[in-house]
Each structure stands twice: as C-alpha cells, then as structure tokens.
Amino acid sequence: MVFWVFGYGSLVWNPGFDYDDKIVGFIKDYRRVFDLACIDHRGTPESPARTCTLEEKEGAICWGTAYCVRGGPEREKMAMQYLERRECEYDRKTIVTFFKEGESQHPALTDVIVFTSTPDKVNNKYYLGPAPLEDMARQIATAYGPCGNNRDYLFLLEKAMHDIGHEDNLVIELANEVRKVLGVGNMLTNVATAQLPHPPHVSIPTRQLQPLPEPIVLDG
C-alpha cells in the first residue's frame with residue numbers, strides 16, 4: 001500500500017519522480033560495484049557506460065537513499081513505470097530490509113524495492129562483470145550517451161555519497177583513476193555546479209487520491 005525504493009546510484013542525487021519522503025540509510029550484505037552496462041543514458045551500444053549494480057557480499061553494507069511514494073495505487077504505478085523505463089538494464093527487483101544510521105540491529109523499513117542485476121553474462125546481456133580498476137577507468141572516462149558522460153555519473157555519485165556523509169571507497173578510487181586518465185585534478189566541487197542532463201522528471205498526480213497507512217517503521 002506504500003511504495004519504498006532504495007537508490008544507490010543516480011537515484012541518490014536525482015530520483016526524477018515526485019516522492020513523499022526520503023531517508024538516508026543502508027542495506028546489509030550488498031556492496032556497490034560498477035559491473036553493469038548502460039547503453040541508453042550514459043553510453044551507447046557501441047560504447048557502453050559502466051554503472052552501478054549490487055553484488056551480494058556477506059557482512060557488507062551499501063549506503064544510499066530510500067524514497068517513499070504514498071497516496072494510492074495510481075501514484076505507485078506511475079513511479080514504478082518511470083523507474084522501470086529508467087532502470088531498464090536491471091533485470092531484477094529485490095526486496096530488502098533498510099536500516100538507518102546508528103540502528104544497525106533494528107530495521108527502519110521492510111519490503112523495500114531495489115533494482116539489481118543477474119551477475120551472469122550469458123543470461124543478462126547488460127552484465128559486464130568485474131575488470132581491473134584501470135580498465136574500468138578508461139571505459140568510464142570515454143563513454144558518452146544521451147544523458148551525458150559516464151564520468152559525470154561517477155563524479156556526481158562521488159559527491160552525492162560525500163554529501164550524505166557516507167563515502168564509498170570504490171567510488172573514490174575509481175573516480176581518482178578516471179581523473180588520471182583525463183589528466184585533471186579533483187572535480188568533486190566543479191561537477192556539483194555543472195549543468196548536466198538527467199532523465200526527465202516525472203510528476204506524479206495527487207488529485208482524487210486518498211491517504212493510505214504509513215509505511216512499516218520498526219522502532220528500536
């Protein structure tokens with residue numbers, strides 16, 4: 001009855017749809033990796049971008065932002081349709097438990113949706129798999145698509161994680177390696193003010209909708 005989705009990539013800084021609430025927090029036993037091809041936003045079929053997906057790893061945590069849409073089935077449907085178009089390279093919707101900072105033993109939300117991908121090159125045409133850091137950096141430094149540069153995606157994610165207070169070591173290492181490829185310094189500040197294209201924002205109507213019960217929130 002209430003729709004929650006966890007963002008760990010571009011959704012952290014650019015959800016692109018109207019939401020009613022957001023919470024910074026993390027999910028357990030997953031880590032962020034750059035193993036997924038993007039051929040329609042930050043890359044092309046000829047030169048795919050590398051974007052985030054999640055890899056299962058016991059004991060790991062992945063920080064990001066959970067977004068809520070409430071108000072009825074129509075609003076939830078519109079949000080999901082938008083996300084399915086935007087996240088079309090992800091072939092799974094996984095249900096996870098979400099935690100807030102300082103409450104790692106007590107879930108804040110249950111039944112949160114997160115878009116993930118099958119780590120199988122045979123059954124998932126968008127799965128690139130892991131690669132050496134230098135190879136990924138060269139690919140990210142040069143890929144470009146209708147929504148902008150692959151490198152801007154990475155730099156914006158780096159800044160977004162910095163802004164929510166939970167930097168990701170892989171993101172930082174990869175961003176620094178891309179800077180080496182480009183021969184530039186730290187772009188963390190500059191990219192924040194760059195006028196970069198994003199997927200279109202979807203405005204979800206609120207008329208003629210009745211409020212529904214609040215999401216399941218478990219107090220510690």
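Among contacts in the protein (heavy atoms within 4.5 Å) between residues at least 6 apart in sequence, 77% link residues at least 24 apart. The model is predicted, so local features need pLDDT of at least 70 and side-chain atom pairs count only at pLDDT 80 or more, while totals for chains, interfaces and linings use all residues. Residues are numbered from 1 along each chain as its sequence is written, and side-chain values use heavy atoms, with hydrogens and water left out.

The protein holds five helices and seven strands (DSSP runs numbered from the N terminus, H or I of at least four residues for helices and E of at least two for strands). Along the sequence, these elements follow the pattern β-β-β-α-β-β-α-β-β-α-α-α. Of the 220 residues, 49% are buried (under 20% relative accessible area, with exposed over 50% and partly exposed in between, for a 1.4 Å probe and protein chains only).

Turning to the interior, the largest nonpolar core has 50 residues, of which F34 and F98 touch the most other members; such a core is a set of buried Ala, Val, Leu, Ile, Met, Phe, Trp, Tyr and Cys residues joined through side-chain atoms within 4.5 Å. Strand β3 (residues 49–69) gives the most to this core, contributing eight residues. Beyond residues up to four places away in sequence, the contacts of F34 include R50, T51 and C52, as well as M136, I140 and L154.

Strand β3 also contains T53, which is buried at a relative accessible area of 1%. The side chains of T53 and S117 are joined by a polar contact of 2.6 Å (a pair of N or O atoms within 3.5 Å; within protein, one must be able to donate a hydrogen and the other to accept it, and residues adjacent in sequence count only if both atoms are side-chain atoms). Outside four places in sequence, T53 is in contact with residues including Y8, R31, D35 and Y90.

Helices α2 (residues 133–142) and α3 (residues 150–163) pack at about 110°, their axes 5 Å apart. Axes are lines fitted to C-alpha atoms, for helices over the stretch in contact, and angles run from 0 to 180 degrees between N-to-C directions. The two helices, α2 and α3, are therefore roughly perpendicular (65 to 115 degrees). Here Q139, I140 and A141 of α2 meet N150, R151 and L154 of α3.

Helix α3 also carries H162, which is partly exposed at 40% relative accessibility. Its side chain makes a polar contact of 2.9 Å with that of E167.

Note on methods: Parallel < 35°, antiparallel > 145°, perpendicular 65-115°, else oblique.
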